[in-house]
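Visitor: I would like to go through this model with you, one question at a time. Where should we begin?

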Amino acid sequence: MAERSFAREVEDLRLGDGEEFRGEGILAITKALLQSGVSYVGGYQGSPISHLMDVLADAKDVLDELGVNFQSSANEATAAAMLSASVMYPLRGAVAWKSTVGTNVASDALANLASGGVTGGAMVIVGEDYGEGSSIMQERTHAFAMKSQMWLLDPRPDHTCIVDMIEKGFQLSEASNTPVMLEVRVRSCHMHGSFIAKDNVKPSFTLQDALNNPKRDLSRIVLPPAAYVQEQEKIKVRMPAAIDFIHEHKLNEYFGPQENAKTGIVIQGGMYNNVIRALQYLGLSDAYGTLKLPIYCMNVTYPVIDTEVAEFCRGKDAVLMVEEGQPEYLEQAINTVLRRRDINTKVAGKDVLPMGGDYTAQVLMEGIQAFLEQHDPMILGNRPPVPDARPVLDLPEVKRLRDVVPPRPPGLCTGCPERPIFASMKLVEEELGEHHVSADIGCHLFSILPPFNIGATTMGFGLGPASTSAFNVKGAKKSIAIMGDGGFWHNGLTSGIGNAVFNKHDGVFIIVDNFYSSATGGQDIPSSRAWNKNRQTNNSITKAVEGIGVNWVRQIDRTYDVTKMRDTLREALTSTEEGPKVIVASSECMLNKQRRVKPLVNKAIKGGERVVKERYGVDEDVCTGDHACMRLSGCPSLSVKVLDDPLRDDPVAAIDNTCVACGNCGEVAEAAVLCPSFFRADVIHNPTKWDQFKAKWTMKVITYLQRRRAGRRVQVAVA
Amino acid sequence: MMKDDTIHLPLAAVGPATERPISIAIVAMGGQGGGVLTDWIVKLAEDQNWVAQSTSVPGVAQRTGATIYYVEMMPPLDGRKPILAQMPTPGDVDVVIASEFMEAGRSILRGIVTPKRTTLIASNHRSLSVTEKIAPGEGIADNSAVTGAIGVVAKREIVFNMEELAVRNGSVISSAMFGALAASGALPFAREAYLDIIRKSGKGVEGSIRTFEAAMRHVEPDDTEGGPAATELPAQAAPSSEMAAASPPNLGPSAPIETPAESSFDGDPRLKPLLARIQSLPVEARAMADAGLRKVVDYQDVAYGAEYLDLLDGLARDDAAAGGGAHAFAFTTNAAKYLANAMCYDDVIRVADLKTRMQRRDRIEKDMGLRDGQVMQTTEFMHPRMEEVNGLLPAGLGRWIEARPKLFAWLDKRVSKGRRVKTYSLPWFAALYIMGGMRFLRRRSLRHQGEVAHRDQWLATAQRLLNQNYALAVEVLQFQRLVKGYSDTHARGMSKFDKVMSTVTLLETRDDAADWARRLRDAAVKDGSEKQLDGTIATIRTFV
């Protein structure tokens with residue numbers, strides 16, 4: 001079950017003709033798929049696409065009504081390969097993932113799909129995780145579209161436009177027998193907006209129809225000589241068909257006065273909103289997009305429609321290409337178009353705009369201004385003052401702030417079961433020295449940040465173990481690889497563990513099993529422990545690891561047992577046995593556990609049942625303020641507080657009421673022999689008669705003793 | 001040439017930078033309700049038939065990192081929707097709402113709070129970042145830097161502890177921020193419209209409304225005028241009492257230690273003669289000596305208190321002889337503080353004593369919000385080692401065992417293990433109680449001998465330096481701050497102490513020795529890995 005429930009939002013997927021949909025971009029996309037009559041959908045979660053997968057998972061009923069098959073794909077390659085259903089049959093299908101990372105994984109299948117071509121519309125929704133807040137390497141999906149010849153749609157950030165492009169995109173795919181990519185940036189995925197809905201469409205040709213009437217065609221399979229023919233077909237048939245369709249259906253848009261303009265701007269669709277704001281700052285547009293200069297908006301960024309570009313540029317002194325990221329594929333393409341036609345319009349782009357990074361309104365404003373100053377200064381006139389925060393940032397008070405505001409790196413949640421794993425690694429590190437640690441993708445990657453500072457590289461999802469394979473050296477310190485359960489099922493079982501078995505790698509492999517794909521929002525995966533009516537869960541990681549040939553496997557069922565965790569790790573690192581040492585460290589993701597358990601506990605208390613609620617605390621007079629515990633924890637609920645005691649300089653540890661009693665701090669204090677400040681308080685709600693009786697008499701004796709000693713002690717302060 | 005032309009063109013601007021949407025940036029930490037607040041603001045605008053758009057970039061910030069949500073809103077024009085930007089532009093944001101004080105500081109650094117435009121609504125409570133927590137001492141960021149910056153960059157500021165206000169009213173911070181936004185008058189919507197949104201949210205409505213209204217009242221205490229009381233706001237931004245408690249003590253160079261008031265409690269007759277002796281100390285040092293004396297007596301007994309005063313008297317005499325009057329007797333004051341701390345070292349007896357006191361259970365019961373009819377037990381996580389036990393033994397016996405590593409190891413095997421101690425069960429309480437009562441053993445113990453040797457050496461160094469460099473002598477007294485904690489932590493503290501002491505003696509003849517001593521101490525306090533300290537020492541070694 002995912003972190004966020006979309007049970008309410010799913011109802012919006014049923015909206016019919018003429019009704020207004022209001023909500024997040026990613027939901028609008030989901031609705032658009034249903035309006036387009038898809039037969040099957042799939043994909044792999046990851047920001048900014050996770051919510052799309054969550055919505056589909058929650059939308060089982062709606063999907064069933066329409067006969068849509070939804071697959072939680074094992075990885076992006078699986079999802080891409082699923083699109084092969086559209087090769088022979090008139091079935092529309094869509095898959096989604098985070099890009100470019102997902103596209104990297106999927107590219108083998110995509111290349112094969114694009115070569116053979118499709119009959120039914122096939123669409124890949126790529127969540128372009130580029131720019132601020134991105135969690136991956138900064139690259140563009142554009143290159144993948146070009147190299148495999150898949151059309152790339154980049155709609156304006158406007159729900160109506162995005163929905164329209166999805167519907168048209170399927171038609172384009174069918175008209176040109178080519179799979180299509182639809183690119184949405186992070187902010188557009190999480191953007192709240194609205195559009196007027198249409199009825200959902202039930203596919204007329206169903207998956208059952210396909211299975212009952214199987215078809216095959218050798219010319220669609222990528223094998224010589226068909227592959228050569230397919231290449232020619234791509235160039236001679238599919239590309240022209242796509243260009244015709246795009247031009248005819250006006251997928252690209254024109255804004256502003258098109259006549260007699262000296263200059264114009266060509267943009268990727270996704271840049272539109274911020275370009276309008278930038279132009280507004282320069283006095284060249286109002287807030288509603290009433291423009292003083294022409295814009296050619298490429299909602300399709302591949303292929304470039306030569307005739308449209310040529311027509312837009314002809315007669316202008318210069319055009320500016322607004323294209324985020326590098327290399328400047330579109331700028332190069334436009335130059336080629338103009339050169340071939342000998343049109344002498346100057347093309348500006350990366351000369352006035354930065355090669356990399358977010359194109360914010362500020363960046364665009366500066367670029368457009370530089371462009372116009374060079375090529376059309378009159379249009380700028382006497383400029384209205386543009387927003388400028390630089391004088392403010394130069395103030396001494398603000399400069400001083402720069403040294404004060406602490407960084408706030410993301411970290412593990414309160415009670416996270418991964419925290420004790422890294423605390424244990426720290427303890428072992430103190431005994432056996434530092435080791436080379438390959439990290440992976442997932443919440444556990446936060447180990448690379450303070451306070452743990454563990455992990456040297458991360459090579460991709462599920463590739464932590466694989467990235468230690470070079471260090472398969474006898475007699476040296478062993479390498480350590482970390483991988484999450486998500487990465488394990490995504491590919492790590494074979495690429496990492498199987499590989500280590502086959503190559504007899506002695507390294508240590510830690511599989512962090514928290515019962516969900518947690519970093520992406522708590523989706524179920526094969527080893528999830530929860531019962532899921534649509535999927536088969538409870539597939540054991542340990543069994544899979546043993547099945548692939550690992551002899552040394554340790555299953556830890558409670559990661560919070562720091563002592564056991566540490567000892568197991570030490571055993572793995574010092575073992576002389578041959579082959580990989582695999583530790584499967586299992587405990588439920590606390591975020592999900594709390595969501596599951598909290599309502600049950602509250603209900604039980606209300607219902608009068610005996611419930612023991614736990615929380616941790618620190619004795620402030622025992623704590624000396626050294627914070628060694630913090631350096632082994634980083635728990636959000638474990639903080640520091642300043643005491644009202646003139647004799648104390650350093651703030652002491654304190655645990656706030658968000659503590660979920662995972663026990664990490666107590667276990668660490670004990671295992672690392674830190675200090676006796678931590679305690680666990682167990683509060684019994686609705687105690688039994690026996691509980692009460694026992695407590696009453698015990699406390700009577702204890703209070704007597706306490707009074708006795710207090711009476712003898714020299715009173716130094718008001719009690 | 002051409003460019004120059006344009007600047008002087010006798011042209012009006014091609015157009016005014018027409019009316020822009022109202023823009024609101026919400027800076028929050030993951031899981032702080034920034035998303036809920038964003039949704040509320042969007043619905044608020046939509047209910048008034050405005051067009052509203054929100055975006056956010058959760059990314060990896062979803063887990064406790066800093067996150068920014070951004071909303072723009074504007075009414076449609078003749079059926080045309082405005083085109084709304086997807087991210088805030090520095091210098092062009094109308095309202096910034098910060099759910100935490102350092103995040104308010106971060107928003108200023110992003111340039112989205114500017115004097116011509118921005119109403120800054122910020123909660124001044126702190127949620128410490130991990131880097132502030134892991135310093136092995138005081139590492140908390142300085143709030144005054146944020147307060148100072150807000151004063152010069154915000155057009156208008158609404159700053160108070162919204163977290164506390166929300167908790168007090170049984171809700172979460174987003175309701176308080178929503179109330180502050182309503183009261184700010186930054187959006188042209190009536191209060192009723194805001195309340196409508198909360199009512200429709202359907203979850204914890206009562207608490208949210210209570211919090212919303214409390215926040216509104218806080219911003220505009222006198223509601224009769226209707227408009228927001230803008231001019232009064234800066235005054236209200238003064239730190240609340242919670243803030244004062246959370247802000248770090250001033251630990252500047254020669255420690256102008258805040259002078260605590262002398263406790264007026266002197267009820268115990270056994271304490272009186274000792275308290276009287278304090279009056280012979282310089283007036284500046286009396287309050288600290290009073291606190292120190294009480295701590296020492298509470299730790300051990302009256303005789304130990306007398307020993308404290310004997311030592312302190314000697315130090316004060318040296319101070320006076322060294323012209324301490326010109327330094328406000330900083331040496332005596334610091335001695336009063338750090339000597340008390342040095343004498344009250346942490347040992348098993350003290351831990352057991354503190355854990356079995358009545359006030360301790362009272363405090364925990366209060367913290368846990370224990371109600372009648374509920375039963376509470378606590379479990380301690382203890383891991384005593386042979387070192388601690390041996391330290392308690394009479395010095396001769398302790399040393400005898402220490403000299404026999406095999407025996408020591410054999411005993412350690414029996415002693416050293418993690419023990420879960422149920423404090424309020426009779427057997428465990430009795431054990432702790434007895435241990436807490438073993439103070440009579442303390443002053444003859446092996447540990448005590450070691451502590452006294454350390455103390456004497458430290459004080460001797462400070463006294464020796466007093467005549468030669470007053471400031472340095474004060475710094476040396478403050479080095480005691482590095483010694484703290486239990487077992488390994490304590491050993492590490494001692495090694496840090498030794499490092500700084502030996503380094504200081506290398507440069508004691510230099511005029512800037514005190515500055516270096518302070519740098520050494522700061523490095524040791526701020527960095528757990530000791531890299532910073534070793535770096536500072538390496539620097540010093542390049543010139544001595």
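Guide: Begin with a term: two strands pair if DSSP finds at least two bridges between them. The model is a predicted one.

Visitor: Which residue stands opposite A:Ser438 in strand 16 of chain A?
Guide: Strand 15 (residues 437–439) of chain A and strand 16 of chain A run parallel and are joined by two bridges. That meets the cut-off of at least two bridges for a pair. Opposite A:Ser438, in strand 16, is A:Thr457.

Visitor: Which strands of chain A stand at the edges of the open sheet of six strands, 16-15-17-18-20-19?
Guide: The sheet is open and its six strands, in the order 16-15-17-18-20-19, pair in the parallel sense. An edge strand has a single partner strand, so one of its sides is left without a neighbour in the sheet. Those at the edges are strand 16 (457–458) and strand 19 (552–556) of chain A.

Visitor: What angle does helix 23 of chain A make with strand 20 of chain A?
Guide: Two helices can be placed against strands here. Helix 21 (residues 485–502) of chain A lies across strand 17 (480–484), strand 18 (508–513) and strand 20 (581–586), and runs at about 145° to strand 17. Helix 23 (residues 562–574) of chain A packs on the sheet and touches strand 18, strand 19 and strand 20. Its direction makes an angle with that of strand 20 of about 165°.

Visitor: In strand 4 of chain A, which residue is the bridge partner of A:Gly43?
Guide: Strand 2 (residues 40–43) of chain A has A:Tyr40 and A:Gly42 pointing one way and A:Val41 and A:Gly43 the other, all of them buried. Strand 2 runs parallel to strand 3 (residues 69–72) of chain A, with four bridges, and in strand 3 the partner of A:Gly43 is A:Ser72. Strand 2 also pairs in the parallel sense with strand 4 (residues 93–99) of chain A, over four bridges. In strand 4, the bridge partner of A:Gly43 is A:Ala96.

Visitor: Which helix gives the largest share of the side of domain 1 of chain A that touches domain 3 of chain A?
Guide: The C-alpha centres of these two domains of chain A lie 33 Å apart. In the contact, 11 residues of domain 1 meet 10 residues of domain 3. The largest share of the domain 1 side is three residues, and they come from helix 3 (residues 50–58) of chain A.

Visitor: How many residues does chain B bring to its contact with chain A, and which residue of chain B stands opposite A:Arg680?
Guide: Chain A gives 117 residues to the contact and chain B 136. On the chain A side, the largest share is 11 residues, from helix 27 (residues 689–712). Strand 24 (residues 678–685) of chain A also pairs with strand 7 (residues 375–382) of chain B, antiparallel and over six bridges. The count for chain B is thus 136, and the residue opposite A:Arg680 is B:Thr379.

Visitor: Are helix 13 and helix 15 of chain B roughly parallel or roughly antiparallel?
Guide: Helix 13 (residues 283–299) and helix 15 (residues 330–343) of chain B pack with their axes 8 Å apart, at an angle of about 10°. Angles under 35 degrees count as roughly parallel. The two helices of chain B are therefore roughly parallel.

How values were computed
Residues are numbered from 1 along each chain as its sequence is written. Chains are lettered from A and ligands numbered from 1 in the order in which they are written. This is a predicted model: local features need pLDDT of at least 70, side-chain atom pairs count only at pLDDT 80 or more; totals for chains, interfaces and linings use all residues. Two residues are in contact if their C-beta atoms, placed from the backbone, lie within 7 Å. Axes are lines fitted to C-alpha atoms, for helices over the stretch in contact, and angles run from 0 to 180 degrees between N-to-C directions. Angles under 35 degrees count as roughly parallel, over 145 as roughly antiparallel, 65 to 115 as roughly perpendicular and the rest as oblique. A residue is buried if 20 or more other C-beta atoms lie within 10 Å of its own, exposed if 12 or fewer, and partly exposed in between; C-beta atoms are placed from the backbone. Domain bounds come from an automatic or database domain assignment.
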